[in-house]
Amino acid sequence: MVSFLNSKPRKNNERKQPSIALRAGIIGGMAVLLFAILIFRIWFLQILSGDEYVAMAEDNRTRFILEEAPRGIIYDRNKVPLVENRAGLAVTVFPPALKEPEKELAELSQIIGVPVEEINRQLELHKEDTYRSVVVKKDITPEMKSFLIERIPLYFPGVDIKKFPLRDYPNGTQAAHVLGHVGQIDETELAEPRYEDYKAGDEIGKDGVEYQFDKYLKGIDGGREVEVDAAGRPKSDIRNIKSQPGNNVVLTIDSNIQKATEEALAWGIDLAHDKKYPATGAAAVVMNPQNGEVLAMASLPTYDPKVWVGGMSDTAYQQLTQEGANDPLLNRAMSGQYPPGSTFKVITAIAGLQDGVISQLSDFSCTGVWDVLSQPFKCWSTHGSVDLRQAIIQSCDTYFYNVGYRFYQADSLGMQNWARQMGLGKETGIDLPGEAVGRIPDPEWKARVGETEIDRMWMPGNSINFSIGQGDILTTPLQMASVYSSIANGGRQVKPHVGLRVEDQVTGKTAASLQPEDAMELPVSSENLRAIQEGLAGATAPGTTVNDTFVGFNTPVAGKTGTAQVAGKADYAWYVAYAPANNPQYVVAILIEQGGGGGSVAAPTARKVLEAIFPQPAAPPATDG
């Protein structure tokens with residue numbers, strides 16, 4: 001037996017060192033593992049990521065310079081250009097070519113006057129499209145171009161300057177509210193179904209005709225794929241894609257009538273100022289009552305649409321929106337809402353006749369004050385016994401008070417129903433964005449919005465005030481032009497529109513008609529309409545509410561004045577007319593905010609417009625009335 005005490009002890013190093021075979025195995029295993037990793041990496045780079053790296057290499061070598069397509073031209077009905085294009089210059093940034101992005105963009109921001117946050121926002125919008133340059137500033141001056149050109153090779157390798165089509169307005173401020181403007185599409189708009197085929201950076205119509213007919217006006221972008229050097233400068237073209245300009249749009253607007261209407265409104269405001277009224281703004285619509293074509297739409301104060309070109313500056317925006325500027329961006333003709341005053345009386349007359357509340361022979365006595373339920377309602381004059389025609393001719397409030405009160409006694413909403421049938425309290429459907437609906441108040445509306453129990457009750461005075469276009473009723477000048485068109489054309493409700501046709505930008509041939517659907521017949525008897533037409537024709541005679549405004553005017557005119565009261569403000573002046581009275585071809589609706597009397601200010605303004613359509617001898621001096 002061998003005792004362990006007798007065994008020979010091992011040396012320490014003999015116990016700790018692995019065998020040669022084991023060491024060889026470990027080293028061999030590590031070598032195999034490293035080799036496997038290397039093979040996998042090569043396979044990953046060659047097979048899985050090959051296309052990606054090829055594309056990255058191409059991006060570093062090539063660049064796509066987008067060529068924005070010019071938008072189509074906007075013409076008036078006589079092919080007079082209202083909006084054209086001009087060649088401008090834009091600053092672009094190609095992010096992959098920036099060497100020190102933060103530093104270079106900060107310096108570029110100082111030069112072009114665009115906040116660096118805005119530049120970064122633009123780059124962020126295009127981060128998925130690293131192949132293209134991003135426009136960060138449009139419509140730069142030649143001086144800025146020269147300044148940048150000298151510095152781009154040394155300091156801004158990712159910056160470039162290229163031509164860019166910009167909108168131009170040969171007639172200045174004319175029809176600014178109708179034409180609208182363009183601007184870069186934003187993230188919210190990109191999510192709309194309307195813009196599903198658009199991309200970040202595209203210019204779109206933001207308002208007016210530019211917005212409404214954007215799909216016709218917008219062209220198809222092209223561009224150049226170019227090879228660039230290490231500094232990002234183009235060396236040679238690889239391929240060219242020619243851009244296609246948008247189609248042209250022809251409007252119903254007549255630039256001559258538009259110009260005359262705007263000049264007439266400015267004249268009307270001056271006239272109101274001479275009479276010591278504030279006259280803070282004005283609006284007008286001229287349309288063909290037979291087919292709804294809008295020949296002029298004007299709103300004052302206005303603005304120069306050039307302020308939008310290349311992006312409106314903060315200073316310009318503040319000037320246009322500051323208190324005291326009187327909302328020059330508002331299209332008062334279709335977005336302004338006003339009580340219609342006595343121009344509404346034709347609807348009260350239609351409602352009374354059609355619902356049997358009155359007949360054409362019904363008459364009422366006007367003593368200047370009419371009492372009902374111990375509450376006096378004043379008329380603007382004393383008219384004695386008046387029938388329907390005389391009530392319209394003299395604009396007798398008392399006559400229509402009686403009609404309104406009869407509706408109240410009958411617990412009838414006939415006036416409201418006919419107002420809605422005639423197109424009030426809803427959009428006319430004109431082919432322009434931003435139309436206001438106005439308001440037709442009724443017992444349900446009062447019950448909903450009234451703050452006190454009394455406010456929520458429909459009282460006799462509500463029907464009486466409503467009968468003369470006062471109280472809570474609101475309309476737009478465009479709506480009133482539409483109402484009088486229906487009266488003038490014998491009872492057809494035509495849809496106002498400014499689009500006439502789309503023309504192919506190459507051939508000039510009609511590519512699409514923009515005419516609306518057929519007019520709708522209103523259920524008004526021809527006899528009742530004729531009575532109202534006769535009243536309106538008689539209301540332009542000397543001694544009526546327009547005094548001598550149309551003396552010597554050699555075209556028969558039919559029309560109605562309105563002087564609307566608004567709490568805390570001066571009277572609003574209205575006049576709605578059509579001519580020739582015996583064959584209506586033009587309806588003219590005039591509103592002057594806080595302009596005083598309809599007969600003394602708005603009616604002479606309407607004559608100015610009609611003089612441009614029907615050449616006349618000079619008008620006599622305007623007088624109060």
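Helix α14 is followed by G356, a residue whose phi is positive, near 75°, and this helix is a convenient place to enter what is a predicted model. Nine of the 10 residues of α14, which spans 345-354, are buried, so the helix is largely enclosed by the rest of the structure. The buried residues are K345, V346, I347, T348, A349, I350, A351, G352 and L353.

One partner of this helix is α16, which covers residues 397-409; the axes of α14 and α16 come within 10 Å and cross at roughly 45°, which means that α14 lies oblique to α16. The crossing of α14 and α16 is left-handed. On the α14 side the contact is made by K345, T348, A349, A351 and G352, and on the α16 side by D397, F400, V403 and F407. Each of these α14 contact residues also appears in the list of buried residues of the helix.

Turning from helices to strands, the reader can follow an open sheet of five strands in the order β12-β11-β23-β22-β21, with antiparallel pairing. Strands β12 (294-300) and β21 (558-564) stand at the edges with a single partner strand each, so one side of each is left without a neighbour in the sheet. Averaged over the sheet and with direction ignored, neighbouring strands are turned by 5° against each other. Helix α11, residues 255-274, packs on this sheet and touches β11, β12 and β23, while its direction makes about 35° with that of β12.

Within the sheet, β11 repays a closer look. Strand β11 (residues 281-287) is joined by seven bridges to the antiparallel strand β23 (residues 586-593); in this pairing A283 has L591 as its bridge partner, and A284 has I590. Towards the edge of the sheet, β11 pairs with β12 over six bridges, again in the antiparallel sense, and here A284 stands opposite A298 of β12. A284 is thus bridged to I590 in β23 and placed opposite A298 in β12. The strands β11 and β12 form a hairpin with six residues between them, and in its turn G292 has a positive phi of about 80°.

The burial of β11 can be read along the strand. Seven of its seven residues are buried, and the strand is mostly covered. In a regular strand the side chains alternate between the two faces of the sheet. In β11, G281, A283, V285 and M287 point one way and A282, A284 and V286 the other way, with all of them buried.

A further set of pairings involves β3, residues 81-93. Two bridges join it to the antiparallel strand β2 (residues 74-75), where Y75 stands opposite P81 of β3. The hairpin formed by β2 and β3 has five residues between the strands, and K79 in the turn has a positive phi of about 65°. Strand β3 also pairs with β5 (residues 159-168) in the antiparallel sense over 10 bridges, and in that pairing D160 of β5 is the bridge partner of T92. Four bridges join β3 to β4 (residues 134-138), which runs antiparallel to it, and A90 stands opposite K138 of β4.

Confidence in the model should be kept in view throughout. The chain averages a pLDDT of 90, and 91% of the residues score at least 70. Over residues 1-14, however, pLDDT stays under 50, and for this stretch the model has one contact beyond four places in sequence.

Conventions:
Residues numbered from 1 in each chain as written. Heavy atoms only, no water. pLDDT = per-residue confidence, 0-100. Contact = heavy atoms within 4.5 Å. Pairing = 2+ DSSP bridges. Axes fitted to C-alpha atoms, helices over the stretch in contact; angles between N-to-C directions. Buried < 20%, exposed > 50% of the residue type's maximum accessible area, 1.4 Å probe, protein only. Parallel < 35°, antiparallel > 145°, perpendicular 65-115°, else oblique. Left-handed = near helix turned anticlockwise from the far one by under 90°.
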